[in-house]
Amino acid sequence: MLAIALPAIVTNTATPIGNAIVTTAIAQYGEDYVAGFAVIGRIIPVCFAFIFALSGAVGPIIGQNFGAARIDRVEETLKNSLIVTTFYTLVVCLLLYLVQDPLIAVFSLTGDAAHIVAAFATYVAITFVFNGVLFVANTSFNNLGKPLYSTALNLGKATAGTLPFVYFGSLWFGALGVLYGQAVGNIVFGVLGYIVLRFHIAELHKTGECTQTKDPSIVSVNSQPFCSHDPVMIEEVSKIDKQLESPTLSG
């Protein structure tokens, strides 16, 4: 249990580390930018709560089908999760772009604070698609027996995927460059997470670790709940049928 729990704990601590790095980089540009970034930090959980929930919801589904050796269902779950993540993020980002002015007014933002929130709604929010991809990849690794993959990706994103991009973004574009740099890091590690996930799925196919030799649906009949009858084994029924069909008379 600790082999999965400890990497998962470390994985979840990576996000605050990345946020601390970004906040520190923005702080040098003044309180207004920090205030705007704080508002962005409130907007993200509201707008993308569905993505956070989805990444947690698909975990048991992936784990159950992995345990049942149904790699086809694992792949189907991953594909559907990524499609839903992408579609939802696109819709939310479009709405966020359209309502950015009223949103800025609600928080009474002016000057640099309003500027950074507008930049987020216009250019940066769309990159949350790649955050969603990484979320799905991470929960997949935790349920496919590779929690260290998830830990490495999240820690990598919080450090190597944040520090250099934020530094150069800040150097070239100022405070807004900090957001742009973080967005580029999200894209890089979202794509990397997807590549690693596809590689792991391919490995499962090669090793046959998640390949079912017999479909349980053709082995037994599901009884109704609270049924007092014993389960009927289709294999036994098949044997009886063959015996009945075999010729009983010789010559």
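Among contacts in the chain between residues at least 6 apart in sequence, 74% join residues at least 24 apart. The model you are looking at is a predicted one, and its chain has 11 helices and zero strands. Of the 251 residues in the chain, 39% are buried. Here is a friendly tour, starting with the pocket and moving on to helix packing, some individual residues and two loops.

**The largest pocket**

- The largest pocket holds about 840 Å³ of space.
- Its lining is made up of 34 residues, and those nearest the centre of the pocket are Thr15, Phe52, Asn131, Phe135 and Lys157.
- Seen by element, two or more lining residues come from each of helix 1 (2–27), helix 2 (31–47), helix 3, helix 6 (111–124), helix 7 (128–143), helix 8 (147–158) and helix 10 (175–207).
- Helix 1 is the element that gives the most to this lining, with eight residues.
- If you are thinking about the chemistry of the pocket wall, the lining of the largest pocket divides by class into 14 nonpolar, 19 polar and one charged residues.

**Asn131, one of the residues nearest the pocket centre**

- Asn131 is found in helix 7.
- Asn131 counts as buried because its relative accessibility is 7%, and buried means under 20%.
- Setting aside residues up to four places away in sequence, Asn131 touches Lys157 and Asn186.
- Lys157 also appears with Asn131 among the residues that lie nearest the centre of the largest pocket.

**Helix 3 against helix 4**

- Helix 3 (residues 49–67) packs with helix 4 (residues 71–98) at an angle of about 175°, and their axes are 9 Å apart.
- That angle makes helix 3 roughly antiparallel to helix 4, because angles over 145 degrees count as roughly antiparallel.
- From helix 3, the residues that take part in the contact are Phe50, Ile51, Leu54, Val58, Ile61, Ile62, Asn65 and Phe66.
- From helix 4, they meet Arg73, Val74, Thr77, Leu78, Ser81, Val84, Thr85, Tyr88 and Thr89.
- By class, the contact of helix 3 with helix 4 has 11 nonpolar, five polar and one charged residues.

**Ser81 in the helix 3 and helix 4 contact**

- Ser81 is found in helix 4, and its relative accessible area of 4% makes Ser81 buried.
- Leaving aside neighbours within four places in sequence, Ser81 is in contact with Leu54, Val58 and Val136.
- Leu54 and Val58 are among the helix 3 residues in the contact with helix 4.
- Ser81 and Gly132 lie 51 residues apart in sequence, with 9.2 Å between their C-alpha atoms.

**Gln182 and its contacts**

- Gln182 lies in helix 10, and is buried with a relative accessible area of 19%.
- That value places Gln182 in the buried class because the class takes in residues under 20%.
- Beyond neighbours within four places in sequence, Gln182 is in contact with Asn19, Val22, Phe37 and Val166.

**Two further pairs brought together in space**

- Gly56 lies in helix 3, and at 46% relative accessibility Gly56 counts as partly exposed.
- Gly56 and Ser140 are 84 residues apart in sequence, and their C-alpha atoms are 9.7 Å apart.
- Leu98 lies in helix 4, and is exposed with a relative accessible area of 58%.
- Between the C-alpha atoms of Leu98 and Ala121 there are 8.8 Å, while the two residues are 23 residues apart along the chain.

**Positive phi in two loops**

- Ala69 is found in the loop between helix 3 and helix 4.
- Its phi is near 60°, a positive value in a residue other than glycine.
- Ala69 is also buried, with a relative accessible area of 17%.
- Ser108 is found in the loop between helix 5 (100–106) and helix 6.
- Phi of Ser108 is near 55°, again a positive value in a residue other than glycine.
- Whereas Ala69 is buried, Ser108 counts as exposed at 60% relative accessibility.

Methods: Residues are numbered from 1 along each chain as its sequence is written. This is a predicted model: local features need pLDDT of at least 70, side-chain atom pairs count only at pLDDT 80 or more; totals for chains, interfaces and linings use all residues. Side-chain values use heavy atoms; hydrogens and water are left out. Axes are lines fitted to C-alpha atoms, for helices over the stretch in contact, and angles run from 0 to 180 degrees between N-to-C directions. Helices (H or I, at least four residues) and strands (E, at least two) are DSSP runs, numbered from the N terminus. Angles under 35 degrees count as roughly parallel, over 145 as roughly antiparallel, 65 to 115 as roughly perpendicular and the rest as oblique. Contact means heavy atoms within 4.5 Å. Ala, Val, Leu, Ile, Met, Phe, Trp, Tyr, Cys and Pro count as nonpolar, Asp, Glu, Lys and Arg as charged, and the others, Gly among them, as polar. On a 1 Å grid over the protein atoms alone, a cavity is a set of points where a 1.4 Å probe fits but cannot get out, and a pocket is an open set with protein on both sides within 12 Å along at least five of seven lines; lining residues have an atom within 4 Å of a point. Grid points are joined across faces, edges and corners, and a volume is the space filled by probe spheres set on the points. Buried means under 20% relative accessible area, exposed over 50%, partly exposed in between (1.4 Å probe, protein chains only).
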